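Hi everyone, thanks for coming. Let me walk you through one model today, first the ligand site and then a domain interface.

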Amino acid sequence: MKKSWITPEIRRKAQRILSGLSLEQKAGQMTQYDWGFNPINPDTGLSQRDMICEQIAQGLVGSVFNLAGAEEANRLQQLAVDNDGDGHGVPLLIGRDVIHGYRTVFPIPLAQASAWNPALAGATAAAASREALADGVAWVFAPMIDVSRDPRWGRIAESIGEDPLLASAYAEAWVNGSQVGSDNGDGNGSSPEVASCPKHYAGYGLAEAGRDYNTVDLSDRVLREVILPPFRKAVEAGALTIMASFNEVNGIPACANRYLLTTILREEWGFEGVVASDYNALQELITHGVAADEEEACLLSLRAGTDVDMASGIYIRHLPRLVREGKVPESLVDEAVLRILALKLKLGLFERPYVSPSEYATDSSLPAEHIALARQAARESIVLLHNEGDVLPLSKTTSSIAVIGPLADSFKDPLGCWAFDGRPDDVVSVLEGVRQAAASTAVVSYAKGCEVDGVSGSGWEESELAVALEVAGKADVIVLALGETFEMSGEARSRTNLDLPGGQRRLVEAVAQLGKPIVAVLLTGRPLAIPWLQDYADAIVQAWHLGVQSGHGIADVLFGDYNPSGRLTVTFPLNVGQVPIYYYRKKTGRPPGGVYTSYYLDSSTDPLYPFGFGLSYTSFHYGEIRCVNPQAALGESFDLSVEVSNTGSREGEEVVQIYIRDEAASVTQPLKKLVGFRKVKLGAGESIVVAFTLGADALAILDADMNVTVEPGDFTVWIGPSSAEGESVRLTVEAPAQ
Ligand code: BGC
């Protein structure tokens with residue numbers, strides 16, 4: 001158990017500040033406003049910002065978000081700190097959605113997950129937090145660790161994918177990375193100056209039919225086996241805050257769900273930090289139909305354990321009166337405010353409320369070390385899906401390359417779904433990346449070919465195609481930059497069609513008629529279901545939305561300056577009808593084969609590309625799995641190892657994955673469950689022994705009463721390059737002698 005971060009000293013200070021606050025000011029600390037939303041109030045004639053400033057000056061606001069820049073942050077901070085004229089006001093906590101970068105935009109989280117490199121994601125999160133902190137942001141609403149199994153859901157882009165273990169590893173690294181701080185010299189290492197906010201707690205990624213904000217129907221088993229592990233890991237890693245999700249869990253929306261926010265989070269896990277609602281979620285309790293009015297929404301949220309009301313203003317409007325009327329004890333308000341004040345103390349906001357304009361200022365160029373990190377993250381995020389006849393890497397002697405497609409010259413789309421603070425000017429497009437990489441060897445030509453025309457419309461112009469065919473016809477190799485715009489994934493960006501939007505399929509089909517080698521580069525925020533593309537493209541490169549260094553990362557892979565090492569962390573479906581499709585599925589009781597088995601009349605049940613899959617320019621061979629103790633007593637662990645060899649002719653990285661199946665347990669178990677992975681780099685001809693220890697964490701199940709337990713019996717273990725491949729061994733946990 002981690003040491004409490006609310007030390008006696010922090011508690012004492014927080015209590016002293018708390019005792020000086022009026023009831024209104026306490027409710028104010030629990031109130032967070034959106035500075036970016038600025039309507040005029042028709043009754044008062046005041047803008048929302050005027051109102052916020054007035055309230056800050058009276059100590060009635062705890063937090064704001066969506067500010068832009070240090071100057072504005074300092075101005076508001078001064079209103080808060082100097083509200084009583086003597087500089088003793090409580091500083092504001094300034095929040096922001098820093099999801100995959102700030103000024104330096106890194107690959108979307110789903111891409112970063114494909115690198116299977118949590119430490120690298122931790123580094124990008126730290127860089128983003130440093131940039132944000134320089135603008136006064138001390139609270140980043142990240143990481144997003146919703147397990148996501150549905151590519152129709154636009155927010156899959158923000159997620160780590162479908163696996164709880166991988167999402168947990170990223171949650172830990174991201175929390176640690178984003179909570180950057182300074183070493184205050186007290187021997188306790190660095191103390192965070194930025195708080196992370198893992199979200200959305202919990203189950204938001206399971207919106208029915210992949211439609212954002214839709215109802216979630218979630219058993220306690222799936223909640224505890226699949227959805228909660230990343231959040232628990234984030235809490236163990238020291239996340240200082242957490243965001244409750246919009247959705248209901250077992251009929252109760254998260255910000256009013258005491259089981260989630262208090263029973264599990266605080267009582268079971270010992271979380272001490274601050275719980276924030278999602279945007280306007282207190283108000284939405286009325287829309288959900290679980291609260292008749294604002295007063296009831298206020299009471300439900302407070303009692304459930306929501307400390308900060310994001311954007312609705314319900315706490316400040318109702319809490320003081322409800323306390324005075326005796327409808328809720330003041331002690332409950334005090335507990336919440338104490339946590340908020342403790343957080344502000346922990347982050348050093350009382351000592352350092354102001355920031356100085358910095359090297360990361362809006363108009364300055366990006367720091368070189370962040371650009372280098374962005375390039376590394378971009379190239380490691382790329383997944384090579386198909387490479388017929390080894391068309392990739394492109395030969396350096398190729399003398400003419402045509403870069404075609406609606407995303408080839410885009411500077412905005414590679415920024416991805418959360419890039420408020422990124423600038424298209426900082427982006428290297430695919431075309432630019434290829435041009436620079438091939439500057440001394442090849443002529444690089446370009447044509448757009450068609451539009452990515454949103455969800456409707458043909459996105460098609462005969463004349464545009466004609467130009468593309470002419471340009472492509474003169475080249476030795478065609479690179480097609482295809483995919484989705486940045487607006488097609490992210491929040492409120494669900495799709496029912498997982499094909500290439502607009503005129504892109506027609507473009508591919510027409511260009512293929514030229515009979516030239518085709519490399520398709522997919523810039524998307526989600527998996528697409530496009531099995532037909534393999535019939536036209538010799539190579540398919542899943543490049544996601546990779547941020548500012550997009551074009552360089554892609555060119556590094558296309559020309560073999562970087563050997564692709566990305567592996568999918570979401571299953572790519574063959575068609576939309578298969579969705580949700582994910583590797584971590586149960587067996588069902590049906591025997592394979594015959595009519596009454598679990599299958600489709602009109603489609604395979606296999607995915608297009610499985611979880612964990614990705615190709616390399618070299619090849620890897622897995623030896624036999626060795627286990628010194630294939631029979632172990634209950635309570636012991638298994639020690640396994642496998643020799644992995646690079647059998648190709650160039651250096652490469654392999655993601656060695658280990659999966660387990662409990663063959664017979666008291667509760668049905670997934671066919672395969674990822675229990676570990678290692679990313680290893682091997683020179684040509686080199687071998688390495690990769691070892692794993694499988695202990696209680698890997699072997700345990702949740703029994704019928706939700707107790708964590710290891711049951712004696714047989715286990716099958718696979719070690720291999722994806723969830724669909726690998727050698728296996730049988731292990732046995734022996735029952736204790738009677
Ligand atoms: C999103 C959150 C986000 C918040 C503030 C909400 O709509 O669900 O992820 O942090 O807005 O922008």
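Let's begin with the company the ligand keeps: its shell holds 6 nonpolar, 1 polar and 5 charged residues. In that count, Ala, Val, Leu, Ile, Met, Phe, Trp, Tyr, Cys and Pro are nonpolar, Asp, Glu, Lys and Arg are charged, and the others, Gly among them, are polar. Before I go on, please keep in mind that this is a predicted model, where local features need pLDDT of at least 70, side-chain atom pairs count only at pLDDT 80 or more, and totals for chains, interfaces and linings use all residues. Residues are numbered from 1 along each chain as its sequence is written, and side-chain values use heavy atoms, with hydrogens and water left out.

Who is in the shell? Among the residues surrounding the ligand are Phe 65, Phe 141, Phe 246, Arg 155, His 200 and Glu 491; being near here takes a heavy atom within 4 Å. Three more members, Asp 97, Lys 199 and Asp 278, place polar side-chain atoms by ligand oxygens: Asp 97 at 2.5 Å, Asp 278 at 2.6 Å and Lys 199 at 2.9 Å. On its own the ligand exposes 310 Å², and the protein buries 94% of that (Shrake-Rupley areas, 1.4 Å probe).

Now, zooming out. An automatic or database assignment gives domain 1 (16–346), domain 2 (368–578) and domain 3 (620–734). The C-alpha centres of domains 2 and 3 sit 35 Å apart, and 7 residues of domain 2 contact 9 of domain 3, with heavy atoms within 4.5 Å.

How much area is buried between domain 2 and domain 3? About 620 Å², with carbon and sulfur atoms giving 33%; that is the accessible area (1.4 Å probe) lost on putting the two parts together, summed over both. On the domain 2 side, Asn 563, Ser 565 and Arg 567 lose the most, together 70% of what that side buries.

Arg 567 also forms a salt bridge with Glu 654, at 2.7 Å from N to O. The rule, a side-chain nitrogen of Lys or Arg within 4 Å of a carboxyl oxygen of Asp or Glu, finds 2 salt bridges across this interface.

Note on methods:
Polar contact = N/O pair within 3.5 Å; in protein donor to acceptor, adjacent residues only side chain to side chain.
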